[in-house]
Amino acid sequence: MILEAFENIRIDKYISDEFEEIPREKIKTFIKDNKIKVNNKDIKPSYKLEIGDELEISDELFEVPEIKPEPMDLKIVYENDDFAIIDKDENVIVHPAGSIITGTLVNGLLDKYGYQGLSHIGGDDRPGIVHRLDKDTTGLMVIAKNNESYKYLKTLFETRKVDKEYLAIVHGNFEQKTGRIENFMDRDPNNRRKMAVSPSGRVAISEYEVLKEVSGYSLIKIHIITGRTHQIRVHMTHLNHPLVGDPVYGNVKTNFNLDHQLLHCTYLGFTDKDGQYVSFNANPHKTFLKYQDVLGLGE
């Protein structure tokens, strides 16, 4: 792989930021073994890139170890011959990344359907995966059972023809109880593991509605029209209403012990390949409901 540098930072950090699923120590080892070069020259992990430097990275860095099936209590909302609708639990990574090759949703899907029972053109480490949810975001996902279905569903996502609604608990109260957020998002220049509102990025559109509020907290419904990485978390933080418990974008202390965002995909709808609109619902999970009640945002 050939990359062109656009930042003046250490090469090991640059590659780690670009490919966050690859451990930094592995990148350093590849540099020391001369499997990563700059301008066709051997360098050290501490080498500071100049803008325009050409990075040559061995394809071995991206090789994925064998992903093995593992039993998992999958919550299957619906399935047919083409796709399955899964209600994902919290603390579940969708697909293997870097040194993480066990305990992912993919491991569970392989145990349930086998490799031949899932699409496999999206990557050998991502059979069946059409889109993602963050590790601790719960709720609905669609899984492709064959390549034809993957292509069809992928096109729906890319052309914004999938309806997705989320529930979230956020800090603060809104002056406007409904609203539309439309801006651009890109990697945060100060921390490339995060996303940020940026004029150089891709368009990101969300619509929200306040369902219930108490002093200092709100339960909201969010309809995302685009599907950028961390879109809801970034948009709510941009409005000064970060998600409760968000360890990356929140930075708001609470009086209760919570180490992940309260975000749940509650609705998914699209037109299937036979022209029929199908829709699915999933109630929030135990942790979400617990804090919804604790904060007085329950029904």
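**Contacts, cores and backbone of the chain**

Leaving out residues up to four places away in sequence, Pro247 touches Arg233, Asp259, His260 and Gln261. The model is a predicted one, and Pro247 makes a handy way into it. This proline sits in the loop between helix 5 and strand 13 (263-271). Pro247 is exposed, with a relative accessible area of 51%, just past the cut-off of over 50%. Going back 34 residues along the chain from Pro247 leads to Glu213, and the C-alpha atoms of the two are separated by 22 Å.

Stepping back to the whole chain, the secondary structure comes to six helices and 14 strands. The protein chain is as compact as a globular protein of its length, because its radius of gyration is 21 Å, close to the 19 Å that the globule rule gives for 299 residues. Along the principal axes, the C-alpha atoms fill a box of roughly 65 × 45 × 35 Å. Of the 299 residues, 48% are buried. Among contacts with a separation of 6 or more, 64% are between residues 24 or more positions apart.

As for the surface, about 15,300 Å² of the protein chain is accessible, and carbon and sulfur atoms account for 45% of that. On the charge side, there are 39 positive and 48 negative side chains. The centres of these two sets lie 4 Å apart.

Next comes the inside. In soluble globular proteins, nonpolar side chains tend to be buried together. Here the largest nonpolar core has 47 residues, and Leu105, Ile143 and Phe270 have the most contacts inside it. What does Ile143 contact, leaving aside its neighbours within four places in sequence? The list runs through Asp82, Phe83, Ala84, Ile86, Leu105, Leu109, Leu118, Gly128 and Ile129. There is also a second, separate core of 17 residues, with Ala5, Tyr14, Ile31 and Leu55 among its members.

Leu105 and Leu109, both on the Ile143 contact list, belong to helix 3 as well. This helix spans residues 105-113 and is mostly covered, with seven of its nine residues buried. The buried ones are Leu105, Val106, Asn107, Gly108, Leu109, Leu110 and Tyr113. Where does the cover for the buried residues of helix 3 come from? It includes strand 5 (76-79), strand 6 (83-88) and strand 7 (138-144). Right after helix 3, Gly114 takes a positive phi of about 75 degrees.

Positive phi also turns up outside glycine. Most residues other than glycine have a negative phi. Asn39 has a positive phi near 55 degrees, and its place is the loop between strand 2 (36-38) and strand 3 (41-42). His230, also not a glycine, has a positive phi of about 60 degrees. The loop that holds His230 runs between strand 12 (217-224) and helix 5 (231-238). Buried or exposed: how do these two residues count? Asn39 is partly exposed, with a relative accessible area of 37%. His230, at 17% relative accessibility, counts as buried, since the cut-off for that class is under 20%.

Two further residues give a feel for spacing in sequence and in space. Lys26 lies in helix 2 (residues 24-32) and counts as partly exposed at 31% relative accessibility. Beyond its neighbours within four places in sequence, Lys26 is in contact with Glu60, Leu61 and Glu63. Lys26 and Glu60 are 34 residues apart in sequence, yet their C-alpha atoms are 11 Å apart in space.

Thr178, for its part, is found in strand 9 (residues 178-188). With neighbours within four places in sequence left aside, Thr178 is in contact with Tyr208 and Glu209. Val248 is 70 residues away from Thr178 along the chain, and the C-alpha atoms of this pair are separated by 25 Å.

Methods:
Residues numbered from 1 in each chain as written. Predicted model: local features only at pLDDT ≥ 70, side-chain atom pairs only at ≥ 80, totals over all residues. Heavy atoms only, no water. Helix = DSSP H or I, 4+ residues; strand = E, 2+ residues; numbered from the N terminus. Rg over C-alpha atoms; globule rule 2.2 N^0.38 Å. Buried < 20%, exposed > 50% of the residue type's maximum accessible area, 1.4 Å probe, protein only. Contact = heavy atoms within 4.5 Å. Areas by Shrake-Rupley, 256 points an atom, 1.4 Å probe, with all protein chains shown as cover. Lys, Arg positive; Asp, Glu negative; His and termini not counted. Charge placed at Lys NZ, Arg CZ, Asp CG, Glu CD. Core = buried A, V, L, I, M, F, W, Y, C linked by side-chain atoms within 4.5 Å.
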